[in-house]
Amino acid sequence: MTQTNTPATLTSPATPGTAAAQVTIGQPILSKNAQKAEENRADFQSRGLFVINLLSSPGSGKTMLLQRTLAELSGRWRMGVIVGDLQTDNDARRLRASAGDAPIDQITTGTVCHLDAQMVARSVARLDLSEVRLLFIENVGNLVCPANYDLGENIRVTLLSVTEGEDKPLKYPVIFKRADVVLINKIDMAQAAGFDRQLALENLRRINPDARVLEVSARTGQGMDQWYELLESYVKRN
Ligand code: MG
Ligand code: ZN
């Protein structure tokens, strides 16, 4: 399922006897999702929240990354998490177990393989986000359509784990192209997985030369300091 945010031309149904009216409107007509995403963005801004949309295929370590981040940074600022999953609330429970009193909300999407801006708005309404500076949205594990849904986030972070293969950015260019940050996760397993680091970086650069790339292991903690510094810079800038 795809959505485009750029329909600039509106074609009204042809009326008999008139030339088919094709009206180009100066303001781009935003899709329903893009409109809701803009509302979310304004809401986040008014709350002083910096929001990160976290994307990856299933099993790349989004939940573990958040578990460690919450455990290690919760003394610095208050953080919250929205977790999207197709069926279970396992990830939300894992997070609650390690997150102290951080507000966490689960969105169970059922058959829908992505989060959209409306789901996020409803989730935000359920959460107590007072004092929260950083809100993570763990998207549904899927490298395809979540890329097409703006949630109103400030930035997108896409995870690529070393066990997935170096060609993922080439196979799923959109999600990597639209990432502000790419985290190469499970870097502690790179050797065992036969991960070709150079090739992976080359592939990433071909698709997205501007993304910030960090190599981390959410399991061992390797490289996580750079991630925390980056988060700190976002919170301070906000
Ligand atoms: Mg997860
Ligand atoms: Zn989907």
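Two residues are in contact when heavy atoms of theirs lie within 4.5 Å. Keep that cut-off at hand for the exercises below, which all concern a predicted model.

**Exercise 1. Warm up with the whole chain: how many helices and strands does the secondary structure comprise, and what share of the residues counts as buried?**

Step 1. Go through the secondary structure of the chain, and you should arrive at eight helices and nine strands.

Step 2. Turn to accessibility: 49% of the 238 residues count as buried.

Step 3. Now look at contacts between residues at least 6 apart in sequence; of these, 72% join residues at least 24 apart.

**Exercise 2. Find the residues through which helix α2 meets helix α8, and describe how the two helices are arranged.**

Step 1. Locate the helices: α2 covers residues 62-73 and α8 covers residues 224-237.

Step 2. Apply the contact cut-off. On the α2 side you get L65, R68, T69, E72 and L73, and on the α8 side M224, W227, Y228 and L231.

Step 3. Sort these residues by class: six are nonpolar, one is polar and two are charged.

Step 4. Consider the geometry. The axes are 11 Å apart and the packing angle is about 70°. Angles from 65 to 115 degrees count as roughly perpendicular, so α2 is roughly perpendicular to α8.

Step 5. Finish with the handedness: the crossing of α2 past α8 is right-handed.

**Exercise 3. Do the same for α1 and α4: at what angle do they pack, and which residues make the contact?**

Step 1. The angle between α1 and α4 is about 30°, and their axes are 8 Å apart.

Step 2. An angle under 35 degrees counts as roughly parallel, so α1 runs roughly parallel to α4.

Step 3. List the partners. From α1 come N33, K36, A37, N40, D43 and F44, while α4 supplies A117, Q118, V120, A121 and V124.

Step 4. By class, this contact of α1 with α4 has six nonpolar, three polar and two charged residues.

Step 5. Pick out N40, which sits in helix α1 (residues 32-46). With a relative accessible area of 4%, N40 is buried. Setting aside neighbours within four places in sequence, N40 touches A117, V120 and A121, and also L151 and G152.

**Exercise 4. Which protein residues coordinate the zinc ion (ligand 2), and why does the cysteine pair tie together separate parts of the chain?**

Step 1. Look around the zinc ion (ligand 2): C113 (SG), H114 (ND1) and C145 (SG) coordinate it at 2.0 to 2.2 Å.

Step 2. Write the spacing of these donor residues in sequence, which is C-H-x30-C.

Step 3. Place the cysteines. C113 belongs to the loop between β5 (104-108) and α4 (117-126), and C145 to the loop between β6 (132-138) and β7 (155-161), so the pair ties together parts that are 32 residues apart in sequence.

Step 4. Compare their exposure: C113 is partly exposed at a relative accessible area of 31%, whereas C145 is buried at 3%.

**Exercise 5. Which protein donors does the magnesium ion (ligand 1) have, and are T63 and E138 buried or exposed?**

Step 1. The donors of the magnesium ion (ligand 1) are T63 (OG1), D91 (OD) and E138 (OE), at 2.1 Å.

Step 2. Their spacing in sequence reads T-x27-D-x46-E.

Step 3. T63 belongs to helix α2 and E138 to strand β6, so that this pair links distant parts of the chain, 75 residues apart.

Step 4. Check accessibility: both T63 and E138 are buried.

**Exercise 6. Where does P169 lie, and what is it in contact with?**

Step 1. P169 is found in helix α5 (residues 168-171).

Step 2. The relative accessible area of P169 is 0%, and P169 is buried.

Step 3. Leaving out neighbours within four places in sequence, the contacts of P169 are L160, F176, N203, L204 and I207.

Step 4. For a distance along the chain, take E202: 33 residues separate it from P169 in sequence, and the two C-alpha atoms are 9.7 Å apart.

**Exercise 7. What is the phi of E131, and what is that of K186?**

Step 1. Recall that most residues other than glycine have a negative phi.

Step 2. E131 has a positive phi near 75°. E131 lies in the loop between α4 and β6 and is exposed at 66% relative accessibility.

Step 3. K186 also has a positive phi, about 65°, and its place is the loop between β8 (181-185) and α7 (197-207).

Note on methods: Residues numbered from 1 in each chain as written. Chains lettered and ligands numbered in written order. Predicted model: local features only at pLDDT ≥ 70, side-chain atom pairs only at ≥ 80, totals over all residues. Heavy atoms only, no water. Donors = N, O, S within 2.8 Å, 3.2 Å for Na, K, Ca; no water. Helix = DSSP H or I, 4+ residues; strand = E, 2+ residues; numbered from the N terminus. Buried < 20%, exposed > 50% of the residue type's maximum accessible area, 1.4 Å probe, protein only. Axes fitted to C-alpha atoms, helices over the stretch in contact; angles between N-to-C directions. Parallel < 35°, antiparallel > 145°, perpendicular 65-115°, else oblique. Left-handed = near helix turned anticlockwise from the far one by under 90°. Nonpolar A, V, L, I, M, F, W, Y, C, P; charged D, E, K, R; others polar.
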